[in-house]
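With the structure open in a viewer, please follow the stops below in order, selecting the named residues at each one before reading on.

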Amino acid sequence: MGKMIRMAMDDGVEIAVYHTEPEGERRGGLVLVQEIFGVTDHIRELCDEYAADGYEVLSPSIFDREHPGFEAEYTGPDYERAVQLARELHPFVKSLDDAQVCIDALKDKGPVFITGYCYGGSVAWAMAGISDDLAAASCYYGSLIPTLYADKTPKCATIAHFGRYDQGIPMEGVEALIAKNHPTAQIFVYDANHGFNSDRRKDYHEPSAELARERTLALFKACGG
């Protein structure tokens, strides 16, 4: 459904962005932020699904400066390269900057929402805390949410999804996040592991993925989408 386009970011660098037009009545714009593995076929499929629900979607290839066209498998050298890009080579703040450029490209057309997965989940939560241009955010298992950004209250209505058995995001941190009782945020815990939303991963958990998506769409619709 969608296609890769080129967009200039705030530092003048052009990166690839997957763009999908909405089917039927346009409900709003959506910035969808990738996992560490790039704008893979899975991420593009998610964009297409949201477009089918009426959203114009932009998904930036946030590692294009360091590794143009990066798409990785979930194991082996690809995984190691993805971790290197996310943790060493690519400044996290540039992901926030790129997300804001995408938000800016959509905001004159109606409400703008953001969602993200793993790395992108952390980006989505961080953007909810700093951007004045978002109507709502849905953040999937971002490891920085209950750590670096736990004290940051989102400016817009925000939900976050975590797997109870996620070894990389201990439940103690998630429970501490819940206890902060941010007035704009709601935290959901699923009987699943990390990456439960991706049917390409061994930890895919369909009931949790479907419920999280239902909650995401309900939030967007409640906030003008």
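## A buried serine

Begin by selecting Ser198, which is buried, with a relative accessible area of 0%. The model on display is a predicted one, and Ser198 has its place in the loop between E8 and H6. If you show the side chains around this position, you will find a polar contact of 3.4 Å that joins Ser198 to Tyr74. Once neighbours within four places in sequence are set aside, Ser198 is in contact with Glu35, His42, Tyr74, Tyr141 and Tyr204.

Next, select Asp199 and Arg200. Their side chains form a salt bridge in which the closest N and O atoms are 2.8 Å apart. Arg200 is partly exposed at a relative accessible area of 31%, and Asp199 is likewise partly exposed, at 41%.

## The sheet

Now switch to a cartoon view and select the strands. In what order do the eight strands of the open sheet stand? The order is E1-E2-E4-E3-E5-E6-E7-E8, and the pairing is mixed. The edges are taken by E1 and E8, each of which has a single partner strand, so one side of each is left without a neighbour in the sheet. From one strand to the next, the twist averages 20 degrees.

At the edge that holds E1, select residues 3-8 for E1 and 14-20 for E2. These two strands pair in the antiparallel sense over six bridges, and within this pairing Ile5 stands opposite Val17 in E2. The hairpin that E1 and E2 form has five residues between the strands, and there Gly12 takes a positive phi near 90 degrees.

At the edge that holds E8, select residues 157-163 for E7 and 185-190 for E8. Here the two strands run parallel and are joined by six bridges, with Ile159 standing opposite Gln186 in E8.

## Helices across the sheet

With the strands still displayed, add helix H3, residues 92-106, which lies across E1, E2, E3, E4 and E5 and runs at about 165 degrees to E3. Then add H6, residues 206-222, and follow its course across E3, E4, E5, E6, E7 and E8, where the helix runs at about 165 degrees to E6.

## The nonpolar core

Hide the cartoon for a moment and turn to the side chains of the interior. The largest nonpolar core has 72 residues, and those with the most contacts inside it are Tyr50, Ile114 and Phe162. Of these, select Tyr50 and colour its surroundings: leaving out residues up to four places away in sequence, Tyr50 touches a set that includes Leu30, Leu32, Val57, Tyr117 and Tyr140, together with Arg213, Thr216, Leu217 and Phe220.

## Salt bridges between distant parts

How many salt bridges does a search of the whole structure find? The search finds 21, and two of them merit a separate selection. Start with Asp11 and Arg65, whose side chains meet in a salt bridge at 2.9 Å, N to O. This pair links distant parts of the chain, 54 residues apart, with Asp11 in the loop between E1 and E2 and Arg65 in the loop between E4 and helix H2. Both residues are partly exposed, Asp11 with a relative accessible area of 38% and Arg65 at 23%.

The second selection is Arg164 with Asp191, a salt bridge whose closest N and O atoms are 2.8 Å apart. Because Arg164 lies in the loop between E7 and helix H5 while Asp191 lies in the loop between E8 and H6, the pair ties together parts that are 27 residues apart in sequence. Arg164 is partly exposed at 38% relative accessible area, and Asp191 counts as partly exposed at 45%.

## A last stop at Pro111

Finally, select Pro111, which lies in the loop between H3 and E5. Is Pro111 buried or exposed? The answer falls between these two words, since at 28% relative accessibility Pro111 counts as partly exposed. Apart from residues up to four places away in sequence, Pro111 touches Arg27, Gly28, Gly29, Ala135, Cys223 and Gly224. To finish, draw a distance from Pro111 to Ala209: the two are 98 residues apart in sequence and 24 Å apart in space, C-alpha to C-alpha.

Conventions: Residues are numbered from 1 along each chain as its sequence is written. This is a predicted model: local features need pLDDT of at least 70, side-chain atom pairs count only at pLDDT 80 or more; totals for chains, interfaces and linings use all residues. Side-chain values use heavy atoms; hydrogens and water are left out. A salt bridge is a side-chain nitrogen of Lys or Arg within 4 Å of a carboxyl oxygen of Asp or Glu. Helices (H or I, at least four residues) and strands (E, at least two) are DSSP runs, numbered from the N terminus. Buried means under 20% relative accessible area, exposed over 50%, partly exposed in between (1.4 Å probe, protein chains only). Two strands pair if DSSP finds at least two bridges between them. Axes are lines fitted to C-alpha atoms, for helices over the stretch in contact, and angles run from 0 to 180 degrees between N-to-C directions. Contact means heavy atoms within 4.5 Å. A polar contact is a pair of N or O atoms within 3.5 Å; within protein, one must be able to donate a hydrogen and the other to accept it, and residues adjacent in sequence count only if both atoms are side-chain atoms. A nonpolar core is a set of buried Ala, Val, Leu, Ile, Met, Phe, Trp, Tyr and Cys residues joined through side-chain atoms within 4.5 Å.
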